[in-house]
Amino acid sequence: METVYIGADIGGMTIKLGCFAEDGELIEKWRIPTRLEDKGSFILPDTAMSVKERAAKRKWMVAGVGVGVPGPVTKDGEVLKCANLGWDVFSCKQKMTELMEMENIEAVNDANAAGLGESWMGAGRNFQSMVMVTLGTGIGGSIILDNRVLHGFNGAAGEIGHMKVEYHEKDVCGCGYRGCLEQYASAKGIVRIAKKYMKEGSHIYINKDMLNAKMIFDGAKKGDESCLEIVDKFGEYLGTALSNVSCVVDTEAIVIGGGVSKAGSILIDKVSEWYHRKSLYALQNKTFCIAELGNDAGIYGCAKLVIGRGKQWQK
Ligand SMILES: [Zn+2]
């Protein structure tokens with residue numbers, strides 16, 4: 001029987017599962033649907049059942065399961081409510097321990113799992129410390145110091161998307177407050193900035209109602225002036241925010257992931273340009289890179305939490 005470790009990354013639509021060998025090799029990955037009925041009470045039993053069934057079929061000896069949750073999780077594995085899944089406050093770690101009938105279980109916030117995954121096997125593998133920022137519909141973030149996730153007292157360390165970057169914003173962020181980075185630098189935020197610029201009379205050639213972040217980056221690559229201006233504004237917000245983050249945690253690298261990061265070098269160039277324009281001399285030495293593991297980062301990070309427990313990381 002092969003000894004394996006499971007990473008289970010729970011999302012609002014699907015649960016991504018990955019089976020890993022002790023050395024971090026991804027043996028197999030699969031997905032099951034996330035059942036949101038009855039306040040999400042089927043999610044963990046479905047996950048445990050799927051793992052057990054597959055393990056029996058493949059003759060795996062499951063030695064640990066790490067669970068990624070799209071909401072705040074304390075370092076003890078307690079979920080502090082998760083609106084997307086209908087979950088209230090409870091110990092995800094304890095519940096999964098009961099369902100799997102085994103000890104080596106961890107639960108972690110999904111953005112932290114993605115950061116840990118990139119740090120372990122992705123773009124951050126050559127660095128001891130990194131900040132990961134995930135630019136999707138919203139913005140997720142995580143901080144990896146000495147190859148470990150910084151959870152924070154409430155499990156909310158690294159919530160870079162809700163750093164305040166504008167003090168006089170009138171629109172409200174999804175979190176209920178105003179002026180969060182997510183309102184300017186997420187996929188939605190970039191479109192919001194673009195629309196604002198158009199209102200102010202910029203000549204963007206794209207149909208306003210069809211606008212998305214990719215179209216703006218594509219326009220900028222072709223040299224469209226309005227698009228370049230919007231990308232510059234995006235770079236200013238994100239680069240400045242990351243400069244502020246670096247004043248608190250001066251990591252070796254900053255890894256940028258999520259759908260928006262597919263824009264590639266134009267994005268990295270703009271963000272690092274603004275980062276360097278805004279940062280202290282001592283913080284200038286910083287590597288920027290694009291994430292490498294895509295949607296698999298979460299399962300890697302979840303598995304990493306339970307692989308080789310008690311051992312020092314070996315890179
Ligand atoms: Zn916010």
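These are my notebook entries on a predicted model, taken element by element.

**Entry: the five-stranded sheet**

I began with the strand order in one of the sheets. I found an open sheet of five strands, in the order β10-β9-β8-β11-β12, with mixed pairing. Strands β10 (148–149) and β12 (287–290) each have a single partner strand, so they stand at the edges and one side of each has no neighbour in the sheet.

I then followed the pairing from β8 towards the β10 edge. Strand β8 (residues 130–135) runs antiparallel to β9, and six bridges connect the two. As one point of register, I noted Thr134 opposite Gly140 in β9. The turn between β8 and β9 makes a hairpin with three residues between the strands.

Next I looked at β9 (residues 139–145) and β10, which are antiparallel and joined by two bridges. Here Leu145 faces Arg148 of β10. This hairpin has two residues between its strands, and one residue to note is Asp146, with a positive phi near 50 degrees.

I also checked how covered β9 is. Six of the seven residues of β9 are buried, which makes the strand mostly covered.

**Entry: Ser129**

I looked up Ser129 because it sits in the loop between α4 (110–121) and β8. Is Ser129 buried, exposed or partly exposed? I counted 18 other C-beta atoms within 10 Å of Ser129, so it is partly exposed; the buried class needs 20 or more.

I listed the contacts of Ser129, leaving out residues up to four places away in sequence: Ile144, Leu145, Asp146, Thr251 and Glu252. Leu145, the residue opposite Arg148, is thus on the list for Ser129. I also took one distance here: the C-alpha atoms of Ser129 and Ile143 are 7.8 Å apart, with their positions 14 residues apart along the chain.

**Entry: the hairpin of β2 and β3**

I turned to the strands β2 (residues 14–20) and β3 (residues 26–33). They run antiparallel and are joined by seven bridges. Ile15 stands opposite Ile32 in β3. The hairpin has five residues between the strands, and Gly24 takes a positive phi near 95 degrees.

**Entry: helix α3**

Which residues of helix α3 (residues 92–100) are buried? I found Cys92, Lys93, Lys95, Met96 and Met100. These residues span an arc of only 165 degrees around the axis, so they lie on the same side of α3. As background, an α-helix has 3.6 residues a turn, so residues three or four places apart point the same way.

I then asked what covers the buried residues of α3. The cover includes the helix α2 (43–58) and the strands β4 (60–69), β5 (78–82), β6 (87–91) and β7 (105–109). Directly after α3 comes Glu101, with a positive phi near 55 degrees.

**Entry: Gly66**

Gly66 is in strand β4, and β4 is among the elements covering the buried residues of α3. Gly66 has 31 C-beta neighbours inside 10 Å, so I put it down as buried.

Which residues does Gly66 touch, beyond those up to four places away in sequence? I listed Gly7, Ala8, Glu106, Val108, Cys302, Ala303, Leu305 and Val306. I also looked at Gly301, which is 235 residues from Gly66 in sequence, with a C-alpha to C-alpha distance of 8.1 Å.

**Entry: Glu37**

I looked up Glu37, which lies in helix α1 (residues 37–40). Glu37 has 9 other C-beta atoms within 10 Å, so it is exposed. For a distance across the model, I took Glu37 and His168: they are 131 residues apart along the chain, and their C-alpha atoms are separated by 40 Å.

**Entry: helices α7 and α8**

Last, I looked at a pair of helices, α7 (residues 213–221) and α8 (residues 225–248). Their axes come within 7 Å and cross at roughly 115 degrees. I noted the crossing of α7 and α8 as left-handed.

Which residues make the contact? From α7 they are Ile216, Phe217, Gly219 and Ala220, and from α8 they are Cys227, Leu228, Ile230 and Val231. By class, I entered seven nonpolar residues, one polar residue and no charged residues for the contact of α7 with α8.

Methods:
Residues numbered from 1 in each chain as written. Predicted model: local features only at pLDDT ≥ 70, side-chain atom pairs only at ≥ 80, totals over all residues. Buried ≥ 20, exposed ≤ 12 C-beta atoms within 10 Å, placed from the backbone. Helix = DSSP H or I, 4+ residues; strand = E, 2+ residues; numbered from the N terminus. Arc of directions from axis to C-beta. Contact = placed C-beta atoms within 7 Å. Pairing = 2+ DSSP bridges. Axes fitted to C-alpha atoms, helices over the stretch in contact; angles between N-to-C directions. Left-handed = near helix turned anticlockwise from the far one by under 90°. Nonpolar A, V, L, I, M, F, W, Y, C, P; charged D, E, K, R; others polar.
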